[in-house]
Amino acid sequence: MKEIKDILLEKINEADLVLVGIGEEFENNIPKMEDVPSFASAINQIEKNEDIKWMLPHLKKKYDDLNRAETAKKAYAVLENLLKDKNYFIVSTRIDDYIYQTNLLKERIVAPCGGYRFCHCADGCGKRLYESDRSIPDNVYGYFMEGTSLDEIKRPLCPDCGKDLIFNNILSEGYVEEEYLEQWEKYMKWLQGTVNRKLCVLELGVGMLYPTVIRWPFEKVVYFNQKSNIFRIHSKLYQLTEEIKDRGYKIEKKPMDFLINWFV
C-alpha cells in the first residue's frame, strides 16, 4: 500500500495545475511572547509608557522571526521542490511574510490578509502604502534586550500627516486591501483556467479562521472539477465534506511537521 507521501507526489506530478492554500496552522509551536520572561518584561515596559506603545508589533515581529523563521525556511523549501516546474498558485492567510523570502514565484502568490512588508498611516491618511523599515524590529529588540539607545530607533511616521505608520495587515485598524487586490485578480483568472483540467489541491494548515478565503472556496473548486483531488493537512480540522471525500485525502498532522519529517 502506498504511503500518503507517495500518493501526494504522484498526484502533483500528474496534475496540470496545483492550487495551494496556506493557513494559520502552518507554523511551529512556540511559547506565547508574554510567557517568555525577557519579552514579558519588555511588554510591561511598553504598556506603562504611551510614547513607546508603537513598538509592540515590531517586538512581536522580531520574536516570531527568532523562533519561527528557520522552521519556516525548511518547510517552504520542501514546498518549493514539490511545486518545481508546475503551474501553481498559492493563497496564503499568513501575515508573517516568510513566503516572500523563498524562491516561490511572487507573481503566483496572493496574501489577502496582508503582512509586515508594508505600512499604512494609523490615522487613515489616504490609501497610500509605504515599505516597512526592516531594521526597526531589530532595533526595538536591541533596545529591550541589549541596551540599544532609544535615540537610535527611528519611529515610523506618515510623511503626509506625521502620525504613526503601522503594519498593513488584517490585525491593524484601517487595513488597506488594495495591497493584494491586483494579485487576487490574477488568481481569479488563473482559477478559471483550471476548469475541466487535472488539478491537485493542497491545503496546509487551513482551519476556520478565514474559511471564506481558502477552505470553502477550495472545497467548491474540487466539487465542481471532477478531475481534481485535494490533500487536506491539519492536526485537527482535517475532515473532508461528503461531496469531495472520494477524491480527497485527509492527513491528521501539523503541516510543517508533515513536510519536514516526510520530505527532508
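Let me start with strand E1 in this predicted model. Leu 17, Leu 19 and Gly 21 point to one side of E1, Val 18, Val 20 and Ile 22 point to the other, and all are buried. Put as a count, six of the six residues of E1 are buried, and the strand is mostly covered.

What lies beside E1 in the sheet? E1 pairs with E2 in the parallel sense, over six bridges. One position to look at is Val 20, which stands opposite Ile 90 in E2. E1 also pairs with E7, again in the parallel sense and over six bridges. Here Leu 17 stands opposite Leu 199, and the bridge partner of Ile 22 in E7 is Leu 204.

These strands belong to an open sheet of six, with parallel pairing, and its order is E3-E2-E1-E7-E8-E9. E3 and strand E9, residues 248-251, stand at the edges; each has a single partner strand, so one side of each is left without a neighbour in the sheet.

I turn now to the helices that meet this sheet. Helix H3 packs on it, touching E1, E2 and E7, and the direction of H3 makes about 165° with that of E1.

Helix H5, residues 178-192, also reaches these strands. The buried residues of H5 are Tyr 180, Gln 183, Tyr 187, Trp 190 and Leu 191. An α-helix has 3.6 residues a turn, so residues three or four places apart point the same way. The partners of the buried residues of H5 are strand E1 (17-22), strand E2 (87-92), strand E3 (109-110), strand E7 (199-204) and helix H6 (215-224). Does the length of H5 agree with its residue count, or disagree? With 15 residues at 1.5 Å a residue, H5 should span 21 Å; its end C-alpha atoms are 22 Å apart, which agrees.

H3 has a helical partner as well. The axes of helix H2, residues 37-48, and helix H3, residues 56-83, come within 11 Å and cross at roughly 170°. That makes H2 roughly antiparallel to H3. Which residues of H2 and H3 meet? From H2 they are Phe 39, Ala 42, Ile 43 and Ile 46, and from H3 they are Leu 56, Leu 59, Tyr 63 and Leu 66. By class, this contact has eight nonpolar residues, no polar residues and no charged residues.

Next, the loop between E2 and E3, where Leu 105 is placed. Leu 105 has 37% relative accessibility, and therefore counts as partly exposed. Along the chain, Leu 105 and Phe 224 are 119 residues apart, and their C-alpha atoms are separated by 27 Å.

Finally, there is another sheet to describe. Three strands form an open sheet with antiparallel pairing, in the order E5-E4-E6. Strand E5 (130-131) and strand E6 (165-169) are at the edges, each with a single partner strand, so one side of each is left without a neighbour in the sheet. Strand E4, residues 114-121, is joined to E5 by two bridges, and the two run antiparallel. Within that pairing, Phe 118 stands opposite Glu 131 in E5.

To close, I return to E1. Its six residues are buried, with E2 paired to it and E7 paired to it, while H3 touches E1 and the buried residues of H5 pack against E1.

Methods: Residues are numbered from 1 along each chain as its sequence is written. This is a predicted model: local features need pLDDT of at least 70, side-chain atom pairs count only at pLDDT 80 or more; totals for chains, interfaces and linings use all residues. Side-chain values use heavy atoms; hydrogens and water are left out. Two strands pair if DSSP finds at least two bridges between them. Helices (H or I, at least four residues) and strands (E, at least two) are DSSP runs, numbered from the N terminus. Axes are lines fitted to C-alpha atoms, for helices over the stretch in contact, and angles run from 0 to 180 degrees between N-to-C directions. Angles under 35 degrees count as roughly parallel, over 145 as roughly antiparallel, 65 to 115 as roughly perpendicular and the rest as oblique. Contact means heavy atoms within 4.5 Å. Ala, Val, Leu, Ile, Met, Phe, Trp, Tyr, Cys and Pro count as nonpolar, Asp, Glu, Lys and Arg as charged, and the others, Gly among them, as polar. The expected span of a helix is 1.5 Å times one less than its number of residues. Buried means under 20% relative accessible area, exposed over 50%, partly exposed in between (1.4 Å probe, protein chains only).
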